[in-house]
Amino acid sequence: ETESAADVIVQRLTWAMGYNVPENHVVTFKRDQLVLDDSAEYAARSGPKRKMTPADLDRYLAMAQSEGDTYRGLTSKIVDGKALGGIEPVGVRASDPNDRVPHELRRDLRGQRVLWAWVNHIDIKSQNSLVVLTKDNFLEWYALDFGESLGVAARTTSVPRLGYRGTYAWGSA
C-alpha cells in the first residue's frame with residue numbers, strides 16, 4: 001500500500017507544481033477480474049520469451065499483499081500522443097532540432113530538484129520520464145513513477161539510508 005499511496009500523493013503534488021504527469025489512481029481488484037491478453041508474454045531471467053499463462057499471473061500475484069482474494073494496485077491513464085522515450089538528464093534530444101538547451105541547464109528540470117528533495121523522490125532516471133508527441137506536433141514532457149518517494153524506498157529496499165545524507169559534502173556544495 002505504501003508505494004501506490006506515495007505514487008498518487010507525489011503525482012498530485014507534481015501536477016500542482018505545474019509539471020505534466022499521467023492520471024494515476026489506487027484501485028482494488030479481485031483475481032477473477034484479470035484476463036490475460038492473447039499477446040501477453042512471460043520473460044524469465046534466462047531463456048526465451050513465451051506466452052504468459054494463468055499460472056504465471058498467479059505466481060506474480062502471490063508476491064503481492066492481499067486481503068483474501070482482493071488486491072490493491074495502481075492504474076495510470078494512457079497519455080495522449082506518440083511516446084518518444086524518456087528525458088535524459090544531460091544534453092539535448094538529438095531527434096528534436098528544437099531541443100537546444102542542454103537539459104542540465106533547463107530551469108524547469110532544475111526546479112524539479114526542489115520538489116524531489118521535498119518529497120524524497122530518489123528514483124530519478126530517464127525511464128521514469130516520458131516525452132510525447134501530441135496531435136498538434138508539440139512535445140510534452142511527463143514525470144512518472146513516484147512509488148519510492150516519501151521514504152518508501154528506505155522501507156521497501158535493503159538500503160535504509162536512501163534519500164538521506166548524514167554529512168555535509170563540500171564537493172556537492
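Begin by selecting arginine 59 and tyrosine 42: in this predicted model, arginine 59 lies over the face of tyrosine 42, at 6.0 Å from the ring centre. Then move to arginine 106 and tryptophan 141, where the arginine is again placed over the face of a ring, here at 4.2 Å from the ring centre.

Before going further, colour the chain by confidence. The mean pLDDT of the protein chain is 87, and 92% of its residues reach 70 or more. Among the elements of the chain, strand β1, which covers residues 24–30, has the highest mean pLDDT, at 94, whereas α4 has the lowest, at 75.

**The hairpin of β7 and β8**

Select residues 129–133 for β7 and 139–143 for β8, with the loop between them. The two strands run antiparallel and are joined by five bridges. To see one of these pairings, select leucine 133 together with leucine 139, which is its bridge partner in β8.

Next, pick out asparagine 137, which belongs to the loop between β7 and β8. What is its phi in this hairpin, which has five residues between the strands? Phi of asparagine 137 is near 65°, a positive value in a residue other than glycine. With a relative accessibility of 61%, which is over the 50% cut-off, asparagine 137 counts as exposed.

**Serine 129 in strand β7**

Stay with the hairpin and select serine 129, whose place is in strand β7. Is serine 129 buried or exposed? Its relative accessibility is 11%, so serine 129 counts as buried, the cut-off for that class being under 20%.

Show the side chain of serine 129 and follow its polar contacts, one of which is with the backbone of isoleucine 87: the backbone nitrogen there lies 2.7 Å from a polar atom of the serine side chain. The side chain of serine 129 also reaches the backbone oxygen of serine 126, at 2.8 Å. If you now leave aside residues up to four places away in sequence, the residues that serine 129 touches are Gly85, Gly86, Ile87, Tyr142 and Leu144.

**Beyond β8**

Continue along the chain into the loop between β8 and α4, the latter spanning residues 152–156, and select aspartate 145. Although aspartate 145 is not a glycine, it has a positive phi of about 60°. Its relative accessible area is 35%, so aspartate 145 is partly exposed.

In this loop, select phenylalanine 146 as well, and add tryptophan 116 from helix α3, which runs over residues 107–119. There are three aromatic pairs in the model, and one of them is formed by tryptophan 116 and phenylalanine 146, a tilted pair with 5.6 Å centre to centre and 45° between the planes. Because tryptophan 116 lies in helix α3 and phenylalanine 146 in the loop between β8 and α4, the pair ties together parts that are 30 residues apart in sequence. Tryptophan 116 and phenylalanine 146 are both buried.

**A last stop at glycine 68**

Finally, select glycine 68, which is found in the loop between β4 (66–67) and β5 (70–76). Glycine 68 has a relative accessible area of 64% and is therefore exposed. How many residues apart in sequence are glycine 68 and lysine 30? They are 38 residues apart in sequence, and in space the distance is 9.1 Å, C-alpha to C-alpha.

Technical notes: Residues numbered from 1 in each chain as written. Predicted model: local features only at pLDDT ≥ 70, side-chain atom pairs only at ≥ 80, totals over all residues. Heavy atoms only, no water. Helix = DSSP H or I, 4+ residues; strand = E, 2+ residues; numbered from the N terminus. Buried < 20%, exposed > 50% of the residue type's maximum accessible area, 1.4 Å probe, protein only. Pairing = 2+ DSSP bridges. Polar contact = N/O pair within 3.5 Å; in protein donor to acceptor, adjacent residues only side chain to side chain. Contact = heavy atoms within 4.5 Å. pLDDT = per-residue confidence, 0-100. Phe/Tyr/Trp six-rings, centres within 6.5 Å; stacked < 30°, edge-to-face > 60°. Lys NZ or Arg CZ within 6 Å of the ring centre and 35° of its normal.
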